[in-house]
Amino acid sequence: MQHTNLFGTVPTEIGLLTNLHELRLSNNYLSGTIPSEIGHMSELRYLYMGYNYLSGTVPQEICEIDILFSAHTVFACNIICSCCGHCISR
């Protein structure tokens with residue numbers, strides 16, 4: 001759902017999509033924090049959330065799943081202070 005002019009917050013219910021392999025929410029108008037429930041998406045391998053208006057920290061739960069892109073790329077151009085530096089350096 002990239003470039004679709006989505007706005008609002010990312011709902012916590014997104015964590016219920018446990019079999020999803022790829023989540024593309026970049027280049028929208030999403031705001032608020034990144035829900036830690038994304039960490040429940042155990043099959044997630046690609047996560048794109050850059051170029052939104054997200055704030056806060058990257059939840060530790062996201063660092064614990066095996067995403068194939070670095071958090072620097074995934075969360076590009078958002079105002080985020082990462083709580084998990086080891087995750088960003090991958």
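**Figure 1. Surroundings of S26 in the predicted model.** S26 lies in the loop that connects β2 (22-24) with β3. With a relative accessible area of 5%, S26 is buried, because the cut-off for that class is under 20%. The side chain of S26 makes a polar contact of 3.4 Å with the side chain of N27.

**Figure 2. The nonpolar surface patch formed by F7, Y29 and Y53.** These three residues make a patch of about 430 Å². F7 belongs to strand β1, which covers residues 7-8. The relative accessibility of F7 is 71%; F7 is therefore classed as exposed, the threshold being over 50%. Across the strand pairing, F7 stands opposite Y29 in β3, so two members of the patch are also partners in the pairing of strands.

**Figure 3. Strand β3 and its pairing with β1 and β5.** Strand β3 spans residues 29-32 and pairs with β1 in the parallel sense, over two bridges. Strand β5, residues 53-54, likewise runs parallel to β3 and is joined to β3 by two bridges. Within the pairing of β3 and β5, G32 stands opposite L54. On the β1 side, the residue opposite F7 is Y29.

**Figure 4. L16 and its approach to M41.** L16 is placed in the loop between β1 and β2. Its relative accessible area is 67%; L16 therefore counts as exposed, being over the 50% limit. Although L16 and M41 are 25 residues apart along the chain, their C-alpha atoms are separated by 7.2 Å.

**Figure 5. The whole protein chain, as context for the close-up views.** The secondary structure of the chain consists of three helices and five strands. In sequence order these elements follow the pattern β-β-β-β-β-α-α-α. The chain has 90 residues, of which 39% count as buried, and S26 is one of the buried residues. Among contacts with a separation of 6 or more, 51% are between residues 24 or more positions apart. The chain exposes about 5100 Å², and carbon and sulfur atoms supply 57% of this area.

Key:
Residues are numbered from 1 along each chain as its sequence is written. This is a predicted model: local features need pLDDT of at least 70, side-chain atom pairs count only at pLDDT 80 or more; totals for chains, interfaces and linings use all residues. Side-chain values use heavy atoms; hydrogens and water are left out. Patches are made of residues with over 30% relative accessible area and no salt bridge: like charges are joined within 9 Å, nonpolar side chains (Val, Leu, Ile, Met, Phe, Trp, Tyr) within 5 Å. Accessible areas come from the Shrake-Rupley method with a 1.4 Å probe; for residues, only the protein chains shown count as cover. A salt bridge is a side-chain nitrogen of Lys or Arg within 4 Å of a carboxyl oxygen of Asp or Glu. Helices (H or I, at least four residues) and strands (E, at least two) are DSSP runs, numbered from the N terminus. Buried means under 20% relative accessible area, exposed over 50%, partly exposed in between (1.4 Å probe, protein chains only). A polar contact is a pair of N or O atoms within 3.5 Å; within protein, one must be able to donate a hydrogen and the other to accept it, and residues adjacent in sequence count only if both atoms are side-chain atoms. Contact means heavy atoms within 4.5 Å.
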